[in-house]
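Student: I have a new structure to read. Can you take me through it, feature by feature?
Tutor: Gladly. Keep the model open beside you.

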Amino acid sequence: MLRDAREASGRRSAASRLVDAAVSAAVVLVFWIPPVLGLAPGGDRLLGSCLALLVGGAVLLRWRFPAAAVSVALASTAVGWLLSATTDPMVGAAWCLYPLALRGGPRERDAGSVVLGVLVLVSLVLGVSSSAQDAMQGVVFGLGAIGVAWLLGRAEAERLGAVRRAERQQAEFEHVRREAAMAREVHDVVGHALSTISAEAAVARAVSSSEREELLEALEDIEHRSRSALVQVQDLVRALRRRDRAPLGSGGNHAAALRELVAAATVSGLEVDAHIDLPEHGGEAAFVATRVVQEALSNIVRHAAAERCELMLAPVGGELVVRVDDDGVGIRAGGSAGSGIAGMRERVESVGGRLTVTRRLSGGTRVLAELPLEVRR
C-alpha cells in the first residue's frame, strides 16, 4: 500500500500542483502577511516572513516530503503564534497532513496520534496569548482542521487498501480457476487417450497371428491416438506458458472431434448409436458438449462394461442438449463421483448449464447435459 501511494504521489497531475500552489498562496496572504506587516520593523518581521515562506513551501512539497512538510508547518505555525506573526489556525499544517495520513502504515498512524495529542497541548498553551474567545475559536478550528485532514486521509487509505485486496483476491481466484481448467483439460485429453489406447491394445492382443492386417490396423489406431493426445497436451502446455485467457479449445472443429470420439469408442469395441446435430455457431457450449461426450464415452469404455450406448446431441429451444445412455452396470447408488464427473459438472456449470448423471431403470447410466447456447456468466 505504501509503495502504491508513493507511485501515485509521483504522478500528481498539473491540476493538483496548481491547487497546492493556490492553497499555499492563500494561507500566506490571508493568515501571515497581515500579522507580519503589523509587527515592528526588525528581527520579528524578518523571522515572521521566513516562517511564512516555510509554511508556503511545506504546502507545495507535501506530497514529496509529507512527514517533513507536516513537521515544518506545525513548528512554523507554533512559533508564529508566539510572535503574533500569524492567525493561521493550523490550516497549512492540516493541508500537509493529508498525504501523510493517506500513505501511513502502523508507525505513521501512531505518530499521527501523538502529533494530534501534542497539537492539543500546544494549542491550549499558546492560545492563552490571545483573548479567551479568540483562543478558544483558534483551538477548536485548528483541531477540527487537523482532525478532518487526518480522518479523510486514513479513510481514503482504507478504501484504497480494500480495493487492492479485492483486486488481489480476484487475481487469485482467476489463477485458481485457470489451474482448475487446465487440470480438467489434462484429465480429459490424457485420460480419454489412455483409456482408448488401452482398449485398442486389448483388441490387438486378442487378434491371432494369422490376422496380420487386423493387427497392423489396431497398432496404427494406437499410434494415431497417442500422437493426437501428444499434440493436444503440447497445445495445453503452450497455452499455460503464455497464460492464454481464451476458453481452451473453444475455437476448434467440434463436429470433427465428435466424429473422432465416436470412432475411437467404436474401435474400442463399443457399439455407438450417434445422433449428432451440432449448431454451426455453437461457441463455447459446443466445446463443453464435446468434452462431456468425451468423458462420458471414456467412462463407458473404462468402467461400464457396456456393449452399446446411444448418443444424442442437438439444440432444443435455446439450449444444446447432450444425452449419453449406456447398457452397462450403471453408476453405483450413493457412490462418490469421480474426478471425471466432477470435471464434467464444473465445465457445464461454468457456462450456466446443468448436468445430471443417473442410473437408468432399464440398466446402465444416463449422462444428461443442458447447455445454454448463449453462455451465461
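Student: How many salt bridges does a search of the whole structure find?
Tutor: Remember first that this is a predicted model. As for the general idea, side chains of opposite charge can pair when their charged atoms come close. Here the search of the whole structure finds nine salt bridges.

Student: Which salt bridge does Glu310 make, and with what N to O distance?
Tutor: Glu310 meets Arg323, at 3.8 Å from N to O. Glu310 belongs to strand 2 and Arg323 to strand 3, so the pair ties together parts 13 residues apart in sequence.

Student: Is Glu310 buried or exposed?
Tutor: Neither label fits. Its relative accessibility is 25%, so Glu310 counts as partly exposed. Arg323 is also partly exposed, at 21%. Buried would mean under 20%.

Student: Which other side chain meets Arg323 in a salt bridge?
Tutor: Asp325 does, at 3.4 Å from N to O. Asp325 is buried, with a relative accessible area of 5%.

Student: Which residues are linked with Asp325 in a network of salt bridges?
Tutor: Glu310, Arg323 and Arg366 are linked with Asp325 in that network.

Student: Where does Glu370 find its salt-bridge partner?
Tutor: At Arg354, with the closest N and O atoms 3.3 Å apart. This pair links distant parts of the chain, with Glu370 in strand 5 and Arg354 in strand 4, 16 residues apart. Glu370 is partly exposed at 22%. Arg354 is partly exposed too, at 39%.

Student: Those strands keep coming up. What is the order of the strands in the sheet?
Tutor: Read across the sheet, not along the chain. The order is 1-2-3-5-4, in an open sheet of five strands with mixed pairing. Strand 1 (271-276) and strand 4 (354-359) are the edges; each has a single partner strand, so one side of each lacks a neighbour in the sheet. From one strand to the next, the twist averages 10°.

Student: In which sense do strand 3 and strand 5 pair?
Tutor: Antiparallel. Residues 319-326 form strand 3, residues 365-372 form strand 5, and seven bridges join the two. For a place to look, find Val322: it stands opposite Ala369 in strand 5.

Student: Which strands does helix 10 touch?
Tutor: Helix 10 (residues 283-304) packs on the sheet and touches strand 2, strand 3 and strand 5. Its direction makes about 5° with that of strand 3. Now compare helix 9 (residues 254-267). Helix 9 lies across strand 1 and strand 2 (308-316), running at about 165° to strand 1.

Student: How far apart are the end C-alpha atoms of helix 4?
Tutor: They are 26 Å apart. Helix 4 has 18 residues (66-83), and at 1.5 Å a residue it should span 26 Å, which agrees.

Student: Which residues of helix 4 are buried?
Tutor: Start with the general pattern. An α-helix has 3.6 residues a turn, so residues three or four places apart point the same way. In helix 4 the buried residues include Pro66, Ala69, Val70, Ala73, Leu74, Thr77 and Trp81. Just after helix 4, Ser84 takes a positive phi of about 60°.

Student: Now step back. How many helices and strands does the chain have?
Tutor: Eleven helices and five strands. Of the 377 residues in the chain, 40% are buried. The chain exposes about 20800 Å², and carbon and sulfur atoms supply 60% of that area.

Notes: Residues numbered from 1 in each chain as written. Predicted model: local features only at pLDDT ≥ 70, side-chain atom pairs only at ≥ 80, totals over all residues. Heavy atoms only, no water. Helix = DSSP H or I, 4+ residues; strand = E, 2+ residues; numbered from the N terminus. Buried < 20%, exposed > 50% of the residue type's maximum accessible area, 1.4 Å probe, protein only. Areas by Shrake-Rupley, 256 points an atom, 1.4 Å probe, with all protein chains shown as cover. Expected span 1.5 Å × (residues − 1). Pairing = 2+ DSSP bridges. Axes fitted to C-alpha atoms, helices over the stretch in contact; angles between N-to-C directions. Contact = heavy atoms within 4.5 Å. Salt bridge = Lys/Arg side-chain N within 4 Å of Asp/Glu carboxyl O.
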